[in-house]
Amino acid sequence: MNNKRIPIGSKLGTQAILNRYFVRVKKNLGQNFLIDQNVIQGIVSASAIAPGDQVVEIGPGIGSLTEQLLLSGAKVFAYELDSDLPQILSEVLPQKIGDKTLDEVFKIKLEDVLKADFKTDLADFFDLDKPIKVVANLPYYITTPIIFTLAESQIEFASMTLMMQKEVADRLVTDPGTKDYGPLTIAVQTKMDVELALNVSHESFNPAPKVDSAVVVLRPLVNPPKIDNVAEFNRVVKMCFAQRRKTLNNNLKQLTKEPKAVLEELNINPSARPETLTIEQYIALAKALTIQR
Ligand code: SAM
């Protein structure tokens, strides 16, 4: 007898499950299921999954990625919003992984990940003193809020390997002086190291999203820059980018009467555009403006 499983994350495997369980794909929940094993293995390898790893997955869907995380030896805690899926997952995921049963290595919570209380949720299933990774093919309608929820969570995740729309990935990994550089880049890069792991075509999903995608790996910075007042910092950055085409001097007039003097004091050209400043310069600027007011 041939016991080889057809992977869930393949054209055939996914279609069979969608048919068997009469799954109606919910576009409003950002459901685009992965059907490409090369991409799935790329995600598993970018997140460097080793046996025993503790992984939080956001949106397991019908289990394309979950299955391969489990087969690589990870223990997976998943958040899912679609109440049709836990029953399907309990049937289609491998029932035995090595000497473990599915219940021992996989737990699902039906909840909006944006409202998750990670510490409480994970306490029973994971050892919170050991590293916890996040791996997900994100629902694209809430990519940015999810990144902030994870970055600001009580748990410092060891790494986050996230599939997202290419356009957002470009904004995360870019450098000063580019069109993609902006408040999102700055907010994330002040906390995390960001690496582009994989570009992914829309053909790797069923249904295919309208946009192309990319996998990004985020890791907490070992020595993050010190920001005294994060809310104030974010406000200054947002204000500087209020109108990208305007100079810093013009954008900052809404915040202070004399932006020119503050900028010159910091050796920043008042006519510079917001995308040309480094993160260190933004930190210095926010500090100077806070002191001045
Ligand atoms: N991991 C699966 C895969 O790769 O094929 C599915 C990924 S699909 C892009 C996104 C998943 O996130 C869907 O299963 C969707 O139901 C789920 N989802 C959407 N909004 C969510 C939320 N707020 N919290 C948790 N899961 C959510």
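**Rings, a helix and a pocket**

Six aromatic pairs turn up in this structure, which is a predicted model. Let's start with those rings. Phe-77, Tyr-79, Phe-118, Phe-125, Phe-126 and Phe-157 are tied into a cluster by ring pairs. If you want to describe any one pair, the usual handles are the distance of the centres and the angle of the planes. Phe-125 has a charged partner as well: the charged end of Lys-75 sits over its ring, 4.5 Å from the centre.

Now head over to helix H1, which covers residues 11–20. Gly-13, Thr-14, Ile-17 and Leu-18 are its buried residues. They lie on the same side of H1, because the arc they cover around the axis is only 125°. That spacing fits a general rule: with 3.6 residues a turn in an α-helix, residues three or four places apart point the same way. Look at the face turned away from the buried side and you'll meet Lys-11, Leu-12 and Arg-20, which are exposed.

What do the buried residues of H1 pack against? Their partners are strand E1 (33–34), helix H3 (64–71), helix H4 (85–92) and strand E10 (205–206). Just after H1 comes Phe-22, with a positive phi near 50°.

E1 and H3 come up again in the largest pocket, where E1, strand E2 (54–58), H3 and strand E3 (75–80) each contribute at least two lining residues. The space in that pocket is about 370 Å³. Its lining counts 27 residues, and the closest to the pocket's centre are Ile-58, Gly-59, Glu-80, Asn-137 and Pro-139.

Definitions and conventions:
Residues are numbered from 1 along each chain as its sequence is written. This is a predicted model: local features need pLDDT of at least 70, side-chain atom pairs count only at pLDDT 80 or more; totals for chains, interfaces and linings use all residues. Side-chain values use heavy atoms; hydrogens and water are left out. Buried means under 20% relative accessible area, exposed over 50%, partly exposed in between (1.4 Å probe, protein chains only). Helices (H or I, at least four residues) and strands (E, at least two) are DSSP runs, numbered from the N terminus. The arc is that of the directions from the helix axis to the C-beta atoms. Contact means heavy atoms within 4.5 Å. Rings of Phe, Tyr and Trp (its six-membered ring) pair if their centres lie within 6.5 Å; planes under 30 degrees apart count as stacked, over 60 as edge-to-face and the rest as tilted. A charge sits over a ring if NZ of Lys or CZ of Arg is within 6 Å of the ring centre and within 35 degrees of the ring normal. On a 1 Å grid over the protein atoms alone, a cavity is a set of points where a 1.4 Å probe fits but cannot get out, and a pocket is an open set with protein on both sides within 12 Å along at least five of seven lines; lining residues have an atom within 4 Å of a point. Grid points are joined across faces, edges and corners, and a volume is the space filled by probe spheres set on the points.
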